[in-house]
Amino acid sequence: PGVTIVTDPESARRALQVLRGLADRPHAWDTETTDLRLGRGAAAQSPVTHGSVVCATCYCGDDVDFGSGPRLFIDNAGPAAGLLAEGFREYFEDPAMKKVYFNYSFERHVLRRHGIRLQGFYGDAMHLARLYDTSLASWEGQVQA
């Protein structure tokens with residue numbers, strides 16, 4: 001409940017119509033990937049050269065309705081493979097549309113691998129968390145791959 005799932009060009013057009021109607025506010029985005037080994041050491045891979053986006057999610061506020069509620073899930077795997085690039089490239093490359101990413105540097109690289117050159121950067125949640133409280137990054141050096 002509350003999640004609109006986009007799996008084809010028609011549902012992508014409907015979602016884009018809602019997103020374009022919300023140009024006055026930022027849109028929060030995150031992606032999930034496959035075929036990418038994160039971590040440290042020789043086995044680690046970079047999103048610059050590895051990985052595929054399997055889905056993207058967006059949230060613009062509880063008052064938004066993409067069709068089944070305020071949460072947008074865009075499938076980009078299986079039968080929907082390529083939907084992000086085909087249906088959403090123009091949106092992601094539009095500098096007038098304000099976008100906040102969970103981890104901009106990562107999203108930028110993996111979406112670029114799908115031919116999408118991000119524009120309209122408005123914020124990065126991980127960076128803002130570090131600015132708010134620099135101790136939040138203290139665990140990063142302790143991560144084991």
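Below are four exercises on a predicted model, each with a worked solution.

Residues are numbered from 1 along each chain as its sequence is written, and side-chain values use heavy atoms, with hydrogens and water left out. In this predicted model, local features need pLDDT of at least 70 and side-chain atom pairs count only at pLDDT 80 or more, while totals for chains, interfaces and linings use all residues.

**Exercise 1. Strand pairing**

Find the partners of strand 3 and the residues that stand opposite Tyr-59.

Solution. Start with the terms. Helices (H or I, at least four residues) and strands (E, at least two) are DSSP runs, numbered from the N terminus. Two strands pair if DSSP finds at least two bridges between them.

Step 1. Strand 3 covers residues 52-59 and pairs with strand 2, residues 27-34, through seven bridges in the antiparallel sense.

Step 2. Strand 3 is also joined to strand 4, residues 71-75, by five bridges, again antiparallel.

Step 3. Tyr-59 in strand 3 stands opposite Ala-28, and its bridge partner in strand 4 is Arg-71.

**Exercise 2. The nonpolar core**

Describe the largest nonpolar core and say which helix gives it the largest share.

Solution. A nonpolar core is a set of buried Ala, Val, Leu, Ile, Met, Phe, Trp, Tyr and Cys residues joined through side-chain atoms within 4.5 Å. Buried means under 20% relative accessible area, exposed over 50%, and partly exposed in between (1.4 Å probe, protein chains only).

Step 1. The largest core has 28 residues, and those that touch the most other members are Leu-19, Trp-29, Leu-72, Leu-84, Phe-88 and Phe-92.

Step 2. At least two core residues come from each of helix 1 (9-20), strand 3, strand 4, helix 2 (83-92) and helix 3 (104-112). The largest share, five residues, is supplied by helix 2.

Step 3. For a general setting, nonpolar side chains tend to be buried together in soluble globular proteins.

Step 4. Take Leu-84 as an example. Contact means heavy atoms within 4.5 Å. Not counting residues up to four places away in sequence, Leu-84 touches several residues, including Val-53, Ile-74, Phe-92 and Leu-111.

**Exercise 3. Salt bridges**

Work through three of the salt bridges in the structure and place each pair along the chain.

Solution. A salt bridge is a side-chain nitrogen of Lys or Arg within 4 Å of a carboxyl oxygen of Asp or Glu. The whole structure has five.

Step 1. Arg-14 and Glu-10 meet at 3.6 Å, N to O. They are four residues apart in helix 1, so about one helical turn separates them. Arg-14 is partly exposed at 46%, as is Glu-10 at 40%. Together with Arg-13, these two residues are linked in a network of salt bridges.

Step 2. Glu-90 and Arg-20 meet at 3.9 Å, N to O. This pair links distant parts of the chain, with Glu-90 in helix 2 and Arg-20 in helix 1, 70 residues apart. Glu-90 is exposed at 63%, whereas Arg-20 is partly exposed at 31%.

Step 3. Asp-63 and Arg-25 meet at 2.9 Å, N to O. Asp-63 lies in the loop between strand 3 and strand 4, and Arg-25 in the loop between helix 1 and strand 2, 38 residues apart. Asp-63 is exposed at 59%, and Arg-25 is partly exposed at 22%.

**Exercise 4. Asn-76**

Decide whether Asn-76 is buried or exposed, and name the backbone atoms that its side chain reaches.

Solution. Step 1. Asn-76 is in the loop between strand 4 and helix 2. Its relative accessibility is 5%, so Asn-76 counts as buried.

Step 2. A polar atom of the Asn-76 side chain lies 2.8 Å from the backbone oxygen of Val-53. The side chain of Asn-76 also reaches the backbone nitrogen of Leu-83, at 3.0 Å.

Definitions and conventions
A polar contact is a pair of N or O atoms within 3.5 Å; within protein, one must be able to donate a hydrogen and the other to accept it, and residues adjacent in sequence count only if both atoms are side-chain atoms.
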